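Visitor: Please take one part of this model and go through it closely. State the cut-off behind each term as you use it.

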Amino acid sequence: MVFTIEQETLQLSSELEEQLVEDLKNLPENAPEAIVDNNFISTSFLNALGFGLQDRVPEFKTGKGTKAVDYGLRFSKDNDLFLHTQANPHVLIELKGRDINLEYNSNSYKTTFKQLKGYLLSSNCKSAHWGIITNSKHIQLFRKHGKVIFPATPCLEISPENIVDITYKIKKKIEETSRALTVAVYNNKGGVGKTTTVINLAATLTLHKKKVLVVDFDPNQKDLTDSLNINPAEYKFYHCLKDKKDLVDLKQVICPYTKTFKGGKTITFDVIPVDNELAAIDEDQIRTEISFHSLRKKLASVKYDYDYILIDSPPNWKFHSISAVYAADVVLIPTKHNNIRSLQNAAKTIKQYLPEIQQVRQEKTQGLEWGAISLPIFFNGEIISPAARVNAKKAITEIIKKAKVETKIDLTPFFFPRHKPGSNTSIFELSNSAHIANSAFNKLPAVYRYKVVYDYYSQLAKEYFLQ
Amino acid sequence: MSNLSDVGNLMYLDLEIIESSNETKMSEYLIQASAKELNNSSGRNWIPLVVKEVAEDRYQVIGNSFIYAVAEAAGLEKVWCIIADDSQETAKVTQILAGETIPKINLSTASVDDIKEALEYLVSQPATVLKGVKIAIAANRIDEAPRQYWQDLKPITKLGCGITAGKKVKALEQVFYLTPQSMPDDIKDSKILNTLTTAELKKLAKKRNFSGYSKLSKAKLVNLLSK
């Protein structure tokens with residue numbers, strides 16, 4: 001059978017395209033911000049993205065003090081002109097002049113990204129899903145989901161040859177904003193509470209009225225499936241994963257997990273459990289039928305149905321964990337403060353595994369997707385004495401120092417997210433509770449049973465995800 | 001990287017997601033008869049297809065296309081495939097290893113033995129057009145000719161070894177390619193000069209600042225230039 005790969009057809013009108021290229025070509029080499037804005041962004045780029053004059057607010061007040069971002073954008077509807085309401089922006093643009101270098105990882109790039117991040121998280125911008133930084137030489141699109149901000153494209157170099165293509169692809173991404181954030185919960189080290197985190201985080205987010213899908217992708221242990229006592233549906237996940245022809249709908253393998261509270265109130269999150277075939281098959285055989293991209297591709301079919309897709313992964317770096325991280329937007333790494341290996345493995349994931357994943361993801365999408373990034377680590381459920389905390393931080397400081405020397409990668413933001421000159425080294429700690437461990441026997445997420453556990457996980461959810 | 005891709009993997013893939021771009025004609029008899037044999041056995045293609053990934057869950061045959069045709073004729077839904085990388089070189093060498101294309105040697109630099117073996121191969125083909133060509137003679141004359149300067153294979157037709165212009169010399173293109181050197185301007189070897197056209201000789205004469213060469217015959221030009 002012969003088929004052709006679908007050619008993406010550009011949907012920008014030829015006039016807009018020509019204008020875009022023309023305006024870019026005519027920009028002086030060192031044009032300052034005002035000229036980049038006046039001669040390129042406002043004249044052609046925003047039009048090409050589909051944002052008319054009614055859909056833009058220049059100097060949009062973010063609510064962070066009196067600070068304003070260069071543009072707030074949202075498509076207006078009939079009775080709701082963004083220009084008039086100036087509320088609920090969809091996209092923010094932080095603009096720079098050509099005299100400011102936005103090359104990836106340059107100092108001014110880092111500052112500009114930080115600036116954008118601050119705007120995206122401020123009170124008037126809760127509705128924003130996207131952020132763009134550009135100086136008309138480089139451009140990068142970021143996605144915001146709740147509190148999480150991650151690169152949606154690499155930092156792309158703009159030229160008259162590729163500006164049409166880049167603009168079209170950014171436009172397409174903005175128009176097709178997926179509802180779900182896909183999170184892989186991963187640590188190469190076992191026993192750090194990955195499954196417990198996934199289950200209780202899912203239950204907590206569900207209590208916060210989010211629609212959640214949980215994927216048990218640790219078929220050897222299938223702890224998640226067992227701890228929730230879920231029997232796979234008639235259709236097996238294994239069959240869906242190996243179906244490269246897209247005939248088996250992922251929805252057929254999803255099982256609801258419903259909790260009925262006293263008084264009859266029920267809440268549900270969905271689970272893709274491990275079926276007995278997936279549990280039995282060995283890695284060599286699985287690789288004859290299923291590719292690393294298969295999980296990502298299957299989950300993409302439900303990304304408009306959920307707010308969160310949480311993937312539980314095994315403590316190794318083999319097929320299942322690689323697939324889980326490949327499928328994810330972000331990776332959440334639980335660690336134990338008293339387990340140095342779990343900290344070292346977190347560092348290894350960030351400086352070695354994730355860049356590998358990002359490279360493949362970027363190659364496979366012709367440089368249009370970034371691939372998973374890591375959220376800051378957290379200490380999972382142990383009582384930490386002040387002395388032990390000092391020791392753990394010492395160990396982390398060592399790890400960070402070593403990584404800087406060996407790989408030039410700065411791990412500080414992944415271990416000490418609140419770090420500022422003058423050094424704030426706080427790490428999120430999920431408090432310990434005996435209830436959490438005991439709940440495994442009850443086939444019930446601890447957060448559904450114990451208010452205090454709910455409080456703990458609620459803090460985790462708010463620290464990382466909920467805005 | 002190998003850890004993160006399917007390259008090198010043996011995979012059991014749906015025939016439907018594999019594209020075969022092979023236009024070479026294969027005998028319908030061989031396909032149908034082989035398909036019957038495959039069906040009479042376990043139905044497993046122990047010799048795999050060689051494919052490359054062209055998009056997620058989309059593959060293209062780069063080697064063993066015959067097996068693709070047989071699997072299709074046998075009505076197999078899935079076939080065993082080796083996943084190769086998507087480079088040009090891999091596709092080329094795979095087709096050579098699968099016996100689907102004939103490898104070529106560089107005639108500009110090949111040894112006399114290599115030339116002889118290549119000619120033997122061509123003459124031994126059932127549908128050869130080179131019947132009657134004396135391999136030893138042809139190989140020797142080609143070897144001794146100034147082939148390092150040849151731009152194409154045409155000079156072979158002037159060697160008097162039975163390989164004439166038209167389909168005979170054309171047949172040689174199956175096994176030979178050339179990476180010609182440019183000829184030095186001060187060349188004096190009359191044997192080499194003789195292989196040039198009159199126009200080329202005149203150009204050479206001009207470069208060497210001779211005068212009065214424009215009306216000379218080829219033989220006289222060669223004579224002039226070889227002094």
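Guide: In chain A, helix α2 brings A:Phe40, A:Phe45, A:Ala48 and A:Leu49 up against A:Ile163, A:Thr167, A:Ile170 and A:Lys171 of α5, contact being heavy atoms within 4.5 Å. The model is predicted, so local features need pLDDT of at least 70 and side-chain atom pairs 80 or more, while totals for chains, interfaces and linings use all residues. Side-chain values use heavy atoms, without hydrogens or water; residues are numbered from 1 along each chain as written, with chains lettered from A and ligands numbered from 1 in written order.

Helix α2(A) spans residues 33-49 and α5(A) residues 163-175; their axes come within 8 Å and cross at roughly 55°. Because of that angle, α2(A) is oblique to α5(A) (neither under 35, over 145 nor 65 to 115 degrees). Of the residues in this contact, 6 are nonpolar, 1 is polar and 1 is charged.

For the wider setting, the largest nonpolar core has 58 residues, with A:Phe237, A:Leu299 and A:Phe415 making the most contacts inside it. Such a core joins buried Ala, Val, Leu, Ile, Met, Phe, Trp, Tyr and Cys through side-chain atoms within 4.5 Å, buried being under 20% relative accessible area with a 1.4 Å probe, protein chains only. Elements of chain A giving two or more residues to this core include β9 (212-216), α8 (237-242) and α14 (386-407), and α13(A) gives the most, with 8 residues. Leaving aside residues up to four places away in sequence, A:Phe415 touches A:Leu343, A:Ala346 and A:Ile396, among others. A second, separate core of 45 residues includes A:Val198, A:Trp370, A:Ala446 and A:Leu466.

Note on methods:
Buried < 20%, exposed > 50% of the residue type's maximum accessible area, 1.4 Å probe, protein only. Helix = DSSP H or I, 4+ residues; strand = E, 2+ residues; numbered from the N terminus. Axes fitted to C-alpha atoms, helices over the stretch in contact; angles between N-to-C directions. Nonpolar A, V, L, I, M, F, W, Y, C, P; charged D, E, K, R; others polar.
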